[in-house]
Amino acid sequence: MSAPATQSSAPSATPSAGPSASPSASPSASPSAPLVEVEGLHTYYGKSHILNGISLQVGPGEVVGLLGRNGVGKSTTLKTIMGLVRPSQGKVVYDGRSTAGMPSHKLARLGIGYVPEDRRIFRHLTVMENLRTGLDRGGVTEARKQELLGKVFAYFPVLAERRNQAGGTLSGGEQQMLAIARAMMLEPKIILLDEPTEGLMPRMVSQIGQIIAALHQEGVAILLVEQNVPLTLAASQRIYFMEKGAIRHESAASALKANDPIIHQYLGV
Amino acid sequence: MVTVLDFFRNFPLDLLLIQTVNGIVTGMILALIASGLTLIFGIMDVVNFAHGELFMLGAYLGVLVIATTGNFWLALVVASLVIALLGAALQVVTLRPLIGRDPLMTILVTFGISLVLQNYALWQFGPVARKIPEPFSGHFNLFYLEYPWYRLVIAGLSAAIIGSFWMFLKYGTFGIWIRATTQDRTMAQAMGIPVPWVHTAVFAIGSGMAAASGVLFAPLVGVDHSMGLDWVLKGFIVVVVGGMGNLGGSIAAAIFVSLLESYASIWVSPSQAVIVSFVVLILTLLFRPTGLFVPTPK
Amino acid sequence: MTKIRDHHSIIFWTGFAVIVALLGVAPLVLPEFWRRFLTESLIWGLLAMASDGLTGYTGMISFGHSAFFGLGMYGAAAALILFSPPNLWLAIAFGLVASAAVALFVAYFSIRLRDIYFAITTLIFSQIFYVLIFTWTEVTGGENGLTFTRPRLSLFGLFPVRFTTTTMHWFVLAVVVLSYLLLRRVMHSPFGMVLQSIRENEARTRAIGYAVQRYKMVSVMLSGLFAGLAGVLYAVQKEFAAPDFVYFVVSGETVIYNVMGGIGTLVGPIVGAAFFLMLRETFSRFFTEHYLIPVGIIFIAMVIFTPQGLLGFARRWLNR
C-alpha cells in the first residue's frame, strides 16, 4: 500500500477544499504516518467470510472514500475499526496504537466518531440529550462545550430549532444531521461515515457534501462509505474499491471521472 | 336470601377504606422493589433472582445498625449504601463474564446467588425472626382503628425514593447515559459511554433500592432469611403485569395488585389473598401480555 | 459413515449396559444409607432428565418443574390413600394424569412467551400450585402434607410383594432406564429434530412451516409427564407428599442439576443430580444445613466457567 500522498481534491461546487496540505489534526501522529491503519482483517459471520484480508489506511485529516457493491463488507470494516466487531485475524492501528481488545467506548473517547448506516440516533432522547451523549465527557470545560454546541448548531440550524424534541420525531434528513452532529461532539480525529446520503433528498445530499468539506477543513479525517459516486469523488482525496471483503483497487479521486470504467466494474452501476 | 340492598348495607365500607390505605402502603414498598427489578431488566436484560435476598439483607443490616446505634435513618442510609456496593461487586464478578452469552444464563447465576445469600443469612442470623421497632410511634384515628403514622411515612418515603430516582433518570448526565444504554447499547458505546460501568452502576442502584425497601418494611414484619422469596415473586408478577422495563407501569401495577390483595384479605386469609396476584397475572398474559399498563403496541 | 455409526453404537450401548449393570449390582454391595442415596439420585435424575427435554432440546428454560413433580407426587398420594389396598399402578396412573393436566394448563398460558418471560411465568405457576396446595388443607393436608403406606409391587394384582430397599432401587432403576430409552428415542425422532430446530432458531422453524406452538406444547407435556413420574416414584419411596416439593426452589435445583450435568444430553442431568447430591452430602458434614453456600458458589462458578456441564463436552457424541 502506497503512503497516502496529499492530493488536491477534484474541482467541485463545494467551497473550502484548497490545494494545500491539510493541517495535521493530531499532533501525536506525524504527517506521514496514517491515522488509521487496517491490516489483513478477516471476519466471519457464522460461516460467511465477510472480510477477506482487507487492508487500508487513512491519513490524518484525509477524506477517503470506500466504494463497493452491497454486501462486500464496507460496513463491517467500519464496525471493526470502531471495535463493534472483533476480527478473527488482522489488526487495526489507530494513532499508532493497536486497538485489539479495546472496548468501543474507549475508542470513541480516543477520537473515533461513528455514524452508522440508518443513523441510529437515540429516538427517545431529545436532540439536546443525543448531543450530550458525546458532549458530556471528562476533561471538557463548560466553555468548550458551549463552543462545540454553537459550532454544531451553526452547521445544522434545524437541530437548534428542534433541540428539545425527541430524536424519533425528526425527519430522515434531520436524523442524519443529528447523527453526524452527535459524532462531532466527541471532537474526533476521524469520523467513520456509513452511507450518510442513503434515502435523502438531493438537497440534503449536497448539504452532506458541504458538511464533509467543512469537517475536512477543520482537519478531521473521514472514512466515507457510500453508494453515491459523484459525492464521493467530489469529497474524497483517495478512493478504495472493495470487492468480496478486500480492497481491489486504489486511486486518487482526482484521477477518476464519474463514468470511469473502474467504477462500473466495482459498483455495477 | 340476601338482596342487593342488604349487600350494600352490610358492605364493610370502613374496612374497605382501611384496606385501601394498607394496600397503598404495601403497594409503595412493592413498587420500590419492582422498580429495581424492572430497571435492571430493562437496562441489562438481567432477571435478578437475587433481588429478594438483597431486600432481605438490607433489612438485616438495618437490624444491626439499629441495634448498635438506635438510629433508624442511619440504618436506612447505611443499608442502602452497603448493599449497593454488594450489588456492584456481584455484578462485576458474576454477571460481567456472562455478557454476550445466552441471557438465560443470568437467571441461573442470579438464582445461584439468591441461594447462597439466603443460606448465608440463615447461617449468620439464625432462623428466628428479628424485629425493628418503628422509628416513631404515633397513631391517628382511622375509623375505629388507631392507624400508625409510620405506615404512611414509609409509603411517602418509597414514593420519594422512586421520585428522586425518576428525576435522576430524566436530568443529569448519568440519567442520559442510562437511557441511551437502554435504547441502543451499541451506539451508546460508540458514543463513548462506558456501558459496562453503566450496567454495574444500575445494578448497584437497583440493589440499593431493594435494601431500602427492606429497611422500610422491617418494622412492619419480622425479618428472617426467607422474606425475600415472597417479595421477589410478587415483584416479578408486578413487573410482568406492568410491562417489563416500564418504570411507570411497574409502579401502577404494584399499587393495583396490592390494593386487590388487600381487598381480598377482607374475605379470605392473607395466604390465600396471594392468589389474586396470580389471577391478575394470568389475565394479563391472556389478554395484554405486553403489560396491563402499557399502551397497546402499534 | 455407517461403519462409524455402528462403531459408535457399539461403544455407546456397551457403556450403557455396563453402567446399568453397575447400578443394578450396587445395592447388593453398598450400605443401607448409600443404597437409598443412589435410589434418590435416580429419582431426582429422572426429574432433571425430564426437564432437559424441555431445556436442553427445545431450548426453553423452565422453573415450573416442581409443579409437575409435586402434582405427580400428590396424584400418587391420592391413589394410595383413596384406594385400598394401595395399588402401585393406580398410583402411577393418577400421578401421570395429574402432572399431565398441570403441564397442559401451564403450557397453555406460557407457550406464546419467549425465553425469559417463559421462565418467569413457569416459576410463578409453580408458586400458584404451591399456594393452592398449601392452603387447601382439607384436601392436601396443607403444610403437613400427606402420609401413606407404600404399595406392594404386583402384576395385575397378583403376587403382591413388599418392597425392600433393594427391590425399590431396582424398580426405580428400571423406570429410569426405560424413561431414558423412551426419551432418547423421542429426541432422535423427526419430532425431536423439530424441537432442536426450535431451540436453534424458532423463527426459521416457523418460517419453514412447522406449527411451532404445537411442538412446544407437546414438549412441555412430555417433560411434565416424566417429571410427574419422578414425583410418583418419590412418593412411593418416601411414603409422604409435602408442599415443599412444589415450591419453586425445587425447580431451581432441577435446573442446577441440568446445568451441572450438561444440558441436551439426557444422561448429563442424571449425573448432575447425583453430583449435586454428593456435594450436598459432603458439605453437610462440615456445614450442616448451610451446605448450599459452598454448593451454590460451585454452581455459580460452573455456570460462568463450564456452562456446558460435566457431560456437555460429550453432547454431540451422546446424541448420535
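Student: Is C:Val186 buried or exposed, and what count of other C-beta atoms decides it?

Tutor: C:Val186 is partly exposed, because 16 other C-beta atoms lie within 10 Å. Buried means 20 or more other C-beta atoms within 10 Å of a residue's own, exposed means 12 or fewer, and partly exposed is in between, with C-beta atoms placed from the backbone. This is a predicted model: local features need pLDDT of at least 70, side-chain atom pairs count only at pLDDT 80 or more, and totals for chains, interfaces and linings use all residues. Residues are numbered from 1 along each chain as its sequence is written, while chains are lettered from A and ligands numbered from 1 in the order in which they are written.

Student: Which helix holds C:Val186?

Tutor: Helix 7 of chain C, residues 165-188. Helices are DSSP runs (H or I, at least four residues), numbered from the N terminus.

Student: Which residues does C:Val186 touch, leaving out those up to four places away in sequence?

Tutor: Contact means C-beta atoms, placed from the backbone, within 7 Å. C:Val186 touches C:Phe191, C:Gly192 and C:Leu222 on that basis.

Student: How many residues of chain B are in contact with chain C?

Tutor: 32 residues of chain B contact 27 of chain C. Helix 5 of chain B gives the most to that side, with 14 residues. By class, the side has 27 nonpolar, 5 polar and no charged residues. Nonpolar covers Ala, Val, Leu, Ile, Met, Phe, Trp, Tyr, Cys and Pro; charged covers Asp, Glu, Lys and Arg; the others, Gly among them, are polar.

Student: And what meets between chains A and B?

Tutor: 21 residues of chain A contact 16 of chain B. The chain A side has 8 nonpolar, 5 polar and 8 charged residues.

Technical notes: Contact = placed C-beta atoms within 7 Å. Helix = DSSP H or I, 4+ residues; strand = E, 2+ residues; numbered from the N terminus.
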